[in-house]
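User: I am new to this structure and would like to go through it step by step. Could you take my questions in turn and show the reasoning behind each reply?

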Amino acid sequence: MTVPGTPAGPAGMKRYDCMTALAALLRGDELVILSLGASVDEWYNAAPRMRAASLFQQQLGCVTPEALGLAIGLPHRRVISLDTDGGLLFNLGILATLGNEQPPNLLVVVWDNECYQSIGGPPTHTASGRVDLAAIARGAGVDDAYTATTVAEFTALADQGLHTSRPFVIVAKVNPSVPQNIKRKHSDGREDKYIFVRHVEQSEGIVIMGPSEHN
(Lines give C-alpha, C1' and ligand atoms only; values in the text may rest on other atoms or scores of the structure.)
Protein backbone atom coordinates (compact mmCIF):
# COMPACT_ATOMS: atom_id res chain seq x y z
CA MET A 1 0.00 0.00 0.00
CA THR A 2 1.13 3.55 -0.63
CA VAL A 3 1.25 6.03 2.24
CA PRO A 4 3.52 9.05 1.60
CA GLY A 5 4.90 10.25 -1.70
CA THR A 6 3.53 10.86 -5.16
CA PRO A 7 0.35 8.93 -5.98
CA ALA A 8 0.48 6.41 -8.78
CA GLY A 9 -1.78 6.96 -11.75
CA PRO A 10 -4.67 4.57 -12.42
CA ALA A 11 -3.46 1.38 -14.03
CA GLY A 12 -4.91 -2.10 -13.78
CA MET A 13 -7.12 -1.86 -10.70
CA LYS A 14 -10.82 -1.69 -11.54
CA ARG A 15 -13.41 -0.01 -9.37
CA TYR A 16 -15.89 -2.84 -9.79
CA ASP A 17 -13.39 -5.39 -8.50
CA CYS A 18 -12.80 -3.24 -5.43
CA MET A 19 -16.54 -2.87 -4.90
CA THR A 20 -17.01 -6.62 -5.08
CA ALA A 21 -14.25 -7.10 -2.51
CA LEU A 22 -15.77 -4.45 -0.23
CA ALA A 23 -19.26 -5.94 -0.51
CA ALA A 24 -17.93 -9.31 0.64
CA LEU A 25 -16.61 -7.71 3.83
CA LEU A 26 -19.89 -6.09 4.86
CA ARG A 27 -22.14 -7.61 7.51
CA GLY A 28 -25.25 -6.06 5.99
CA ASP A 29 -26.15 -3.51 8.66
CA GLU A 30 -23.90 -0.79 7.26
CA LEU A 31 -25.23 2.34 5.52
CA VAL A 32 -23.64 3.49 2.26
CA ILE A 33 -23.65 6.88 0.54
CA LEU A 34 -22.22 7.03 -2.96
CA SER A 35 -21.60 9.45 -5.75
CA LEU A 36 -23.17 9.89 -9.15
CA GLY A 37 -21.93 8.44 -12.45
CA ALA A 38 -20.93 4.92 -13.42
CA SER A 39 -20.13 3.97 -9.82
CA VAL A 40 -23.87 3.94 -9.08
CA ASP A 41 -24.61 1.07 -11.46
CA GLU A 42 -21.42 -0.74 -10.47
CA TRP A 43 -22.34 -0.72 -6.77
CA TYR A 44 -25.91 -1.73 -7.63
CA ASN A 45 -24.45 -4.85 -9.29
CA ALA A 46 -21.56 -5.52 -6.89
CA ALA A 47 -23.64 -5.31 -3.70
CA PRO A 48 -27.28 -6.19 -4.48
CA ARG A 49 -28.02 -7.06 -0.85
CA MET A 50 -27.06 -3.48 0.08
CA ARG A 51 -29.64 -1.95 -2.29
CA ALA A 52 -31.96 -0.54 0.37
CA ALA A 53 -29.06 0.48 2.60
CA SER A 54 -27.40 2.57 -0.11
CA LEU A 55 -28.26 6.16 -0.96
CA PHE A 56 -27.28 7.15 -4.49
CA GLN A 57 -26.26 10.80 -4.17
CA GLN A 58 -26.39 13.22 -7.11
CA GLN A 59 -24.32 16.23 -6.05
CA LEU A 60 -20.54 16.51 -6.26
CA GLY A 61 -19.05 17.47 -2.92
CA CYS A 62 -21.98 16.15 -0.85
CA VAL A 63 -21.26 12.43 -0.50
CA THR A 64 -18.79 12.39 2.40
CA PRO A 65 -20.51 15.28 4.25
CA GLU A 66 -23.79 13.38 4.09
CA ALA A 67 -22.10 10.20 5.28
CA LEU A 68 -20.57 12.15 8.18
CA GLY A 69 -24.01 13.40 9.17
CA LEU A 70 -25.32 9.84 9.25
CA ALA A 71 -22.30 8.65 11.21
CA ILE A 72 -22.89 11.33 13.85
CA GLY A 73 -26.65 10.75 13.95
CA LEU A 74 -26.31 6.96 14.14
CA PRO A 75 -23.09 6.41 16.08
CA HIS A 76 -23.84 2.70 16.59
CA ARG A 77 -23.89 2.02 12.80
CA ARG A 78 -20.96 1.74 10.44
CA VAL A 79 -21.33 4.29 7.64
CA ILE A 80 -19.44 4.10 4.35
CA SER A 81 -18.85 6.95 1.93
CA LEU A 82 -18.07 5.87 -1.64
CA ASP A 83 -16.82 9.20 -2.95
CA THR A 84 -14.82 10.16 -6.05
CA ASP A 85 -11.76 12.28 -6.69
CA GLY A 86 -13.91 14.84 -8.50
CA GLY A 87 -16.45 14.91 -5.70
CA LEU A 88 -13.91 15.21 -2.90
CA LEU A 89 -12.03 17.96 -4.73
CA PHE A 90 -15.27 19.97 -4.77
CA ASN A 91 -15.27 20.00 -0.96
CA LEU A 92 -11.83 19.37 0.51
CA GLY A 93 -12.96 21.14 3.68
CA ILE A 94 -14.81 17.99 4.72
CA LEU A 95 -11.44 16.38 5.44
CA ALA A 96 -10.69 19.06 8.04
CA THR A 97 -14.09 18.40 9.57
CA LEU A 98 -13.30 14.68 9.77
CA GLY A 99 -9.95 15.50 11.32
CA ASN A 100 -11.58 17.61 14.03
CA GLU A 101 -14.68 15.51 14.67
CA GLN A 102 -12.97 12.09 14.50
CA PRO A 103 -16.12 10.01 13.81
CA PRO A 104 -15.27 6.48 14.94
CA ASN A 105 -17.72 4.74 12.60
CA LEU A 106 -16.99 6.33 9.21
CA LEU A 107 -15.09 4.70 6.35
CA VAL A 108 -14.42 6.91 3.33
CA VAL A 109 -13.45 5.35 0.01
CA VAL A 110 -12.42 7.70 -2.79
CA TRP A 111 -12.54 6.20 -6.28
CA ASP A 112 -9.71 8.15 -7.89
CA ASN A 113 -9.75 7.58 -11.65
CA GLU A 114 -8.15 11.00 -12.26
CA CYS A 115 -11.03 12.24 -14.42
CA TYR A 116 -14.59 13.56 -14.40
CA GLN A 117 -15.91 10.41 -16.02
CA SER A 118 -19.61 11.32 -16.05
CA ILE A 119 -19.02 14.37 -18.28
CA GLY A 120 -16.71 12.77 -20.80
CA GLY A 121 -13.45 12.32 -18.92
CA PRO A 122 -11.66 15.67 -18.52
CA PRO A 123 -8.82 15.26 -16.00
CA THR A 124 -9.14 16.11 -12.33
CA HIS A 125 -6.27 17.65 -10.38
CA THR A 126 -5.06 14.22 -9.30
CA ALA A 127 -4.11 13.45 -12.90
CA SER A 128 -1.11 15.79 -12.54
CA GLY A 129 0.68 13.31 -10.31
CA ARG A 130 1.26 16.06 -7.73
CA VAL A 131 -2.06 16.07 -5.87
CA ASP A 132 -2.23 13.32 -3.24
CA LEU A 133 -5.68 13.08 -1.63
CA ALA A 134 -4.53 10.69 1.08
CA ALA A 135 -1.74 13.08 2.06
CA ILE A 136 -4.23 15.96 2.15
CA ALA A 137 -6.45 13.91 4.45
CA ARG A 138 -3.55 13.15 6.78
CA GLY A 139 -2.61 16.82 6.80
CA ALA A 140 -6.18 17.62 7.81
CA GLY A 141 -5.98 15.35 10.84
CA VAL A 142 -7.22 12.01 9.47
CA ASP A 143 -4.32 9.84 10.58
CA ASP A 144 -5.58 6.70 8.86
CA ALA A 145 -5.54 7.79 5.21
CA TYR A 146 -3.95 5.54 2.62
CA THR A 147 -3.66 5.00 -1.12
CA ALA A 148 -4.36 1.57 -2.64
CA THR A 149 -3.19 0.56 -6.10
CA THR A 150 -4.06 -3.15 -6.10
CA VAL A 151 -7.22 -5.03 -5.15
CA ALA A 152 -5.29 -6.91 -2.47
CA GLU A 153 -4.15 -3.63 -0.91
CA PHE A 154 -7.65 -2.21 -1.12
CA THR A 155 -9.24 -5.29 0.46
CA ALA A 156 -6.80 -5.29 3.37
CA LEU A 157 -7.34 -1.58 3.99
CA ALA A 158 -11.12 -1.89 3.72
CA ASP A 159 -11.14 -4.71 6.27
CA GLN A 160 -9.04 -2.57 8.60
CA GLY A 161 -11.24 0.48 8.06
CA LEU A 162 -14.41 -1.45 8.87
CA HIS A 163 -13.03 -2.46 12.27
CA THR A 164 -11.35 0.71 13.47
CA SER A 165 -12.63 3.29 15.95
CA ARG A 166 -11.62 6.47 14.13
CA PRO A 167 -12.15 7.90 10.64
CA PHE A 168 -10.48 5.89 7.90
CA VAL A 169 -9.84 7.05 4.32
CA ILE A 170 -8.85 4.88 1.36
CA VAL A 171 -7.94 6.54 -1.93
CA ALA A 172 -8.34 3.77 -4.51
CA LYS A 173 -6.45 4.52 -7.73
CA VAL A 174 -8.75 2.89 -10.26
CA ASN A 175 -8.93 2.56 -14.00
CA PRO A 176 -11.79 4.58 -15.57
CA SER A 177 -13.00 1.62 -17.60
CA VAL A 178 -16.51 0.30 -16.83
CA PRO A 179 -17.53 -3.38 -17.18
CA GLN A 180 -19.73 -4.00 -20.22
CA ASN A 181 -22.18 -6.36 -18.50
CA ILE A 182 -23.29 -3.94 -15.79
CA LYS A 183 -27.08 -3.68 -15.42
CA ARG A 184 -28.56 -0.21 -15.04
CA LYS A 185 -30.27 0.77 -11.82
CA HIS A 186 -33.93 1.33 -12.78
CA SER A 187 -34.95 3.97 -10.28
CA ASP A 188 -34.61 7.73 -10.04
CA GLY A 189 -33.21 9.85 -7.25
CA ARG A 190 -36.54 10.43 -5.54
CA GLU A 191 -37.33 6.72 -5.42
CA ASP A 192 -33.83 5.98 -4.15
CA LYS A 193 -34.33 8.48 -1.34
CA TYR A 194 -37.50 6.82 -0.12
CA ILE A 195 -36.05 3.31 -0.38
CA PHE A 196 -33.12 4.39 1.77
CA VAL A 197 -35.13 6.36 4.31
CA ARG A 198 -37.64 3.54 4.78
CA HIS A 199 -34.77 1.11 5.32
CA VAL A 200 -33.28 3.32 8.03
CA GLU A 201 -36.70 3.76 9.64
CA GLN A 202 -37.35 0.02 9.69
CA SER A 203 -33.90 -1.00 10.88
CA GLU A 204 -33.77 1.70 13.58
CA GLY A 205 -37.43 1.60 14.65
CA ILE A 206 -37.86 5.33 14.09
CA VAL A 207 -39.89 7.68 11.92
CA ILE A 208 -37.99 10.08 9.69
CA MET A 209 -40.57 10.99 7.07
CA GLY A 210 -44.12 10.56 8.27
CA PRO A 211 -47.28 10.72 6.13
CA SER A 212 -48.09 13.99 4.44
CA GLU A 213 -50.95 16.01 5.88
CA HIS A 214 -52.46 15.93 2.41
CA ASN A 215 -52.70 12.11 2.30
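User: Is C62 buried, partly exposed or exposed, and which value places it there?

Analyst: This is a predicted model, and what follows is computed from it. Buried means under 20% relative accessible area and exposed means over 50%, with partly exposed in between. C62 falls in the middle class, as a partly exposed residue, because its relative accessible area is 32%.

User: How many disulfides are found in the whole structure, and how far is the sulfur of C18 from the closest cysteine sulfur?

Analyst: C18 is a buried cysteine, with a relative accessible area of 0%. A disulfide would need two cysteine sulfur atoms within 2.5 Å, and the search of the whole structure finds zero disulfides. For C18 the closest cysteine sulfur is that of C115, which is too far for a bond because the distance is 15 Å.

User: In what order do the strands of the open sheet lie, and is the pairing parallel or antiparallel?

Analyst: The edge strands, which pair on one side only, are β2 (54-56) and β5 (144-148). On average, and with direction ignored, neighbouring strands of this sheet are turned by 15° against each other. Six strands make up the open sheet, the pairing is parallel, and the order is β2-β1-β3-β4-β6-β5.

User: Which residue of β2 stands opposite L34?

Analyst: Strand β1 (residues 31-34) runs parallel to β2, and three bridges join the two. Within this part of the sheet, the residue of β2 that stands opposite L34 is F56.

User: At about what angle to β1 does helix α2 run?

Analyst: Helix α2 covers residues 38-46 and lies across several strands, namely β1, β2, β3 (79-84) and β4. With respect to β1, the helix runs at about 155°.

User: How many residues of strand β6 are buried, and which residue of β6 is the bridge partner of V109?

Analyst: Both faces of β6 are covered, since F168, I170 and A172 on one side and V169, V171 and K173 on the other are all buried. That makes six of the six residues in this strand (residues 168-173), so β6 is largely enclosed by the rest of the structure. On one flank β5 pairs with β6 in the parallel sense over five bridges, with A145 standing opposite V169. β4 also pairs with β6 in the parallel sense, over six bridges, and the bridge partner of V109 is I170.

User: Which strand gives the most residues to the largest nonpolar core?

Analyst: In soluble globular proteins, nonpolar side chains tend to be buried together. The largest nonpolar core here has 57 residues, and those touching the most other members are L22, W43, L82, L106, W111, F154 and I170. With six residues (its span is 106-112), the strand that gives the most to this core is β4.

User: Which residues does F154 touch, leaving aside those up to four places away in sequence?

Analyst: F154 belongs to the group of core residues that touch the most other members. Once residues up to four places away in sequence are left out, F154 touches M13, C18, L22, V109, W111, A148, I170 and A172.

User: How wide is the arc covered by the buried residues of α3?

Analyst: In helix α3 (residues 63-73) the buried residues are V63, T64, A67, L68, L70 and A71. They lie on the same side of α3, because around the axis they cover an arc of only 165°. The face turned away from that side carries the exposed residues I72 and G73, while the elements covering the buried residues include β1, β3, α5, β4 and α8 (189-204). The arc asked for is thus 165°.

User: Which exposed residues sit on the face of α5 turned away from its buried side?

Analyst: The buried residues of α5 are I94, L95, L98 and G99. Seen down the helix axis they fall within an arc of 145°, so they line one face of α5. Among the elements that cover them are α3, α4 (85-89), β4 and α6. The face turned away from this buried side carries N100 and E101.

User: What is the phi of Q102, and what is that of E114?

Analyst: Q102 lies in the loop between α5 (93-101) and β4, and it counts as partly exposed because its relative accessibility is 29%. E114, in the loop between β4 and α6 (133-139), counts as buried because its relative accessibility is 13%. Each has a positive phi in a residue other than glycine, with Q102 near 50° and E114 near 65°.

How values were computed
Residues numbered from 1 in each chain as written. Predicted model: local features only at pLDDT ≥ 70, side-chain atom pairs only at ≥ 80, totals over all residues. Heavy atoms only, no water. Core = buried A, V, L, I, M, F, W, Y, C linked by side-chain atoms within 4.5 Å. Buried < 20%, exposed > 50% of the residue type's maximum accessible area, 1.4 Å probe, protein only. Helix = DSSP H or I, 4+ residues; strand = E, 2+ residues; numbered from the N terminus. Contact = heavy atoms within 4.5 Å. Pairing = 2+ DSSP bridges. Axes fitted to C-alpha atoms, helices over the stretch in contact; angles between N-to-C directions. Arc of directions from axis to C-beta.
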